[in-house]
Amino acid sequence: MANGGPVEHGYPHLDTVRAAITALYKRLSYDTIRTFATSVLPADVAFCDQDDLHLGAQRVARELVRHYRLPDARMIVSFREMTHAANVELAAGPEYFVELNDRFRTHRRDIGAALAHEVMHVYLHRLGLSFPGTRDNEILTDTAATYLGAGWLLLDAFREDGVSSQKLGYLTPEEFGYVLAKRALAFGEDPAVWFTSPQAYTAYMKGMAQARRDEQQPPLTAAGWAGRRRYARDRRSAQDHLAVGPHPGVPYSFTPAGRGPLRVCFPCPTCHQRIRVPVRGRVRARCGLCRTVLECDT
């Protein structure tokens, strides 16, 4: 939790974020992810100063349990002084003890954001899905919470001005915006209308621009002129057996297919699973993981 200190910006964890999205599709399946097409609504996790602190926190926790489809999980929420925003004890269940930073006693509007992350820890624990190392596992948790419809709360908790700042979670604001944008493009849902923080909206729009760039990389037909020209040059080198394999600075690589045609391998712009198709001009490919149909010019 950045509280008054500097907030990191940009995309330093982008590779891990993309790997987390792929892992979600692999572990949950396309059909299960589609059941999260509707995000947590602001009214369902609203928390005002007049609400009882503990009863209100329990109510919000129950709503997030319902959203994540953990009907037999019960969250016991308490508050104490601590460095981090929150902590959850990952036991066998069905009861899980969540501790929130004492700061949330007077910043109740952000309790939903903290609980969105902690309840997702329980969800991933039950799935048996994790990344090695604390940092990458926390990035997975933030990414999963956001992609499955509760992470807009974490981005909306980001506020920054000339004298103070606040941010929850391990992703940067722009990375939260990126995952939200990937979700918006996949589900046709626009979370921008829910933001109360102007800085959150700005980060979301930056993340959307980054997500759009994923859809404009060759060999996709939406790629721009410069990308297409670079791709054509790399393809010629591969066809002449000068540079088969990864090319620095681009997401695609060429691989020989034995005695068959040259193939190009590139990430799906939706789930980032790598797809391999023959190099033979216009090709329509379908991602076997997220079922996105891709128009390619290989």
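**Exercise 1. Which residue follows H1, and what is the sign of its phi?**

Before you start, keep in mind that this is a predicted model.

*Solution.*
- Step 1: Find helix H1, which covers residues 14-28.
- Step 2: Go past its end to Ser29, where phi is positive, near 85°.
- Step 3: Now check the helix itself. H1 has 15 residues and reaches 21 Å from first to last C-alpha, close to the 21 Å expected at 1.5 Å a residue.
- Step 4: Look at what is tucked away. The buried residues of H1 include Leu14, Val17, Ala20, Ile21, Leu24 and Leu28.
- Step 5: Ask what sits over them. Among the covering elements are helix H2 (30-34), H4, helix H5 (134-147), helix H7 (173-187) and helix H8 (198-214).

**Exercise 2. Work out whether the end-to-end span of H3 agrees with its residue count, then inspect both ends of the helix.**

*Solution.*
- Step 1: H3 runs over residues 53-67 and has 15 residues, so at 1.5 Å a residue it should span 21 Å.
- Step 2: Its end C-alpha atoms are 21 Å apart, which agrees.
- Step 3: At the N-terminal end, Asp52 acts as the cap, with a side-chain oxygen 3.2 Å from the backbone nitrogen of His54.
- Step 4: Just after H3 comes Arg69, with a positive phi of about 60°.
- Step 5: Turn to burial. Gly56, Ala57, Val60, Ala61 and Leu64 are among the buried residues of H3, and the cover over the buried set includes S2 and H4.

**Exercise 3. Lay out the sheet that contains S2, and place H4 against it.**

*Solution.*
- Step 1: Write down the strand order, S2-S4-S3, in an open sheet with mixed pairing.
- Step 2: Mark the edges: strand S2 (74-80) and strand S3 (86-88) each pair on one side only.
- Step 3: Add the twist. Neighbouring strands here are turned by 20° against each other on average, direction ignored.
- Step 4: Take S2 and strand S4 (residues 95-101), which run parallel and are joined by seven bridges. Arg74 stands opposite Glu95 in S4.
- Step 5: Drop in helix H4 (residues 111-127), which lies across S2, S3 and S4 at about 145° to S4.

**Exercise 4. Is His272 buried or exposed?**

*Solution.*
- Step 1: Locate His272 in the loop between strand S9 (263-267) and strand S10 (274-278).
- Step 2: Its relative accessibility is 13%, and the cut-off for buried is under 20%, so His272 counts as buried.
- Step 3: Leave aside neighbours within four places in sequence, and the contacts of His272 are Arg18, Thr22, Tyr178, Lys182, Asp214 and Pro267.
- Step 4: Pick out Tyr178: its side chain makes a polar contact with the His272 side chain (3.2 Å).

Note on methods
Residues numbered from 1 in each chain as written. Predicted model: local features only at pLDDT ≥ 70, side-chain atom pairs only at ≥ 80, totals over all residues. Heavy atoms only, no water. Pairing = 2+ DSSP bridges. Helix = DSSP H or I, 4+ residues; strand = E, 2+ residues; numbered from the N terminus. Axes fitted to C-alpha atoms, helices over the stretch in contact; angles between N-to-C directions. Contact = heavy atoms within 4.5 Å. Expected span 1.5 Å × (residues − 1). Buried < 20%, exposed > 50% of the residue type's maximum accessible area, 1.4 Å probe, protein only. Polar contact = N/O pair within 3.5 Å; in protein donor to acceptor, adjacent residues only side chain to side chain.
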